[in-house]
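Subject: Structure handover

Hi,

Here is the structure I promised to pass on. Please load it before you read the notes underneath.

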Amino acid sequence: MTCELVYTGFITVDGIVDSPGSSREGHPGGGWVFDTPFLPEVYALKGEELTETTALMFGRRSYDAFSAVWPRSAEHADYNGLPKYIVSTSIGEGDLVDGWGSQHILRSTKDVARLKETSDGAIFIHGSAELATRLGEADLIDRYNLLMFPYLLAGGKSVFRSDALGRRKLKLRESDAYDNGVVKLVYDVQR
């Protein structure tokens with residue numbers, strides 16, 4: 001069995017993933033994704049990811065945010081049938097959204113490691129900066145799919161903030177640059 005855990009996210013040049021959609025998400029400099037001129041080719045990576053996604057993984061806050069929108073969004077309908085793993089010590093079965101495919105609660109990083117040992121395919125982590133940081137520290141993330149936006153926020157959430165992460169060698173799998181300043185970076189974690 002081969003399971004690949006992939007973090008996918010929008011990120012600024014200084015490594016911030018905080019509040020890409022709007023400042024209402026928490027960061028006063030939020031909204032940088034929508035402040036960038038839209039080019040459809042930038043988001044082609046999301047379609048490519050969907051073809052290889054076998055499951056989704058979220059932390060509690062990202063699960064709450066995504067599950068409030070995606071189950072009823074035509075744009076995200078292809079995600080509905082995929083299994084979802086929610087890594088949280090506080091969520092209960094009664095907190096899960098009805099009609100959003102099979103959903104499984106994992107309580108710890110060790111549970112994620114066991115899932116990787118018993119699963120096949122690519123599990124994509126959307127949002128969930130704290131979860132991605134923790135899983136990166138535990139050397140459980142295999143790939144980073146990043147769309148880097150041309151902004152510096154000088155503070156906020158990052159998946160690379162922790163000193164415990166240490167030095168990791170990455171191998172560039174794929175990259176592209178777009179006229180609106182966004183750069184696609186796909187890195188495999190080297191072990």
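Start with Ala154, which sits in the loop between S6 and S7. Bear in mind that this is a predicted model. Ala154 is not a glycine, yet its phi is positive, at about 50°. Its relative accessible area is 75%, so Ala154 is exposed.

**The rest of the S6–S7 loop**

Pro150 belongs to the loop between S6 and S7. Its relative accessibility is 41%, and the cut-offs for buried and exposed are under 20% and over 50%, so Pro150 counts as partly exposed. Beyond its neighbours within four places in sequence, Pro150 touches Val13, Asn180, Gly181 and Val182. Pro150 and Asp14 are 136 residues apart in sequence, but their C-alpha atoms are 9.2 Å apart in space.

Lys169 is also placed between S6 and S7. With 62% relative accessibility, Lys169 is classed as exposed. It still has partners. Setting aside neighbours within four places in sequence, Lys169 is in contact with Asp188, Val189 and Gln190. From Lys169 to Asp188 the C-alpha distance is 8.7 Å, across 19 residues of sequence.

**Strands S6, S7 and S8**

S7 covers residues 170-177 and S8 covers residues 183-189. The two are antiparallel and share seven bridges. They make a hairpin with five residues between the strands. Gly181 is in that turn, with a positive phi of about 95°. Gly181 is also one of the contacts of Pro150.

For the register, use two positions. Glu174 is opposite Val186 in S8. Lys171 is opposite Asp188 in S8. Asp188 is also a contact of Lys169.

S8 pairs with S6 too, again in the antiparallel sense, over six bridges. There, Leu146 faces Leu185 of S8. How many of the seven residues of S8 are buried? Five are, so S8 is largely enclosed by the rest of the structure.

**H4 and its two ends**

Ser128 is in the loop between S5 (121-126) and H4. Its phi is positive, near 55°, and Ser128 is not a glycine. Ser128 has a relative accessible area of 6%, which means that it is buried. Ala154 is the exposed counterpart to look at, with 75%.

H4 spans 129-137. Its buried residues are Ala129, Leu131, Ala132, Thr133, Leu135 and Gly136. What do the buried residues of H4 pack against? Their partners are S1, S2 (53-59), S3 (84-87), H3 (109-118), S5 and S6. After H4 comes Asp139, another residue to check for its backbone: its phi is positive, near 60°.

**The largest pocket**

The largest pocket holds about 1,600 Å³ of space. Its lining consists of 48 residues. Pro20, Glu25, Phe66, His126 and Gly127 are the closest of these to the pocket centre.

Which elements each supply at least two residues of the lining? They are S1 (3-12), H1 (44-52), H2 (60-67) and H4. H2 gives the most, with five residues. By class, the lining has 19 nonpolar, 17 polar and 12 charged residues.

**Aromatic pairs**

The structure holds 13 aromatic pairs. Take Phe58 and Tyr63 as an example. Their ring centres are 6.3 Å apart and their planes stand at 65°, so this pair is edge-to-face. Phe58 and Tyr63 are both buried.

Ring pairs also build a cluster from Phe58, Tyr63, Phe66, Trp70, Tyr79 and Trp100. Phe66 links two topics here. It is a member of that cluster, and it is among the residues closest to the centre of the largest pocket.

**Where to look, in short**

- Positive phi outside glycine: Ser128 and Ala154 are two cases.
- Strand pairing: S8 pairs with S7 over seven bridges and with S6 over six.
- Pocket: H2 gives five residues to the lining.
- Rings: the cluster includes Phe58 and Tyr63.

Best wishes

Key:
Residues numbered from 1 in each chain as written. Predicted model: local features only at pLDDT ≥ 70, side-chain atom pairs only at ≥ 80, totals over all residues. Heavy atoms only, no water. Pairing = 2+ DSSP bridges. Helix = DSSP H or I, 4+ residues; strand = E, 2+ residues; numbered from the N terminus. 1 Å grid on protein atoms, 1.4 Å probe; cavity = no way out; pocket = protein on both sides within 12 Å on 5 of 7 lines; lining within 4 Å. Points joined across faces, edges and corners; volume = space filled by probe spheres on them. Nonpolar A, V, L, I, M, F, W, Y, C, P; charged D, E, K, R; others polar. Buried < 20%, exposed > 50% of the residue type's maximum accessible area, 1.4 Å probe, protein only. Contact = heavy atoms within 4.5 Å. Phe/Tyr/Trp six-rings, centres within 6.5 Å; stacked < 30°, edge-to-face > 60°.
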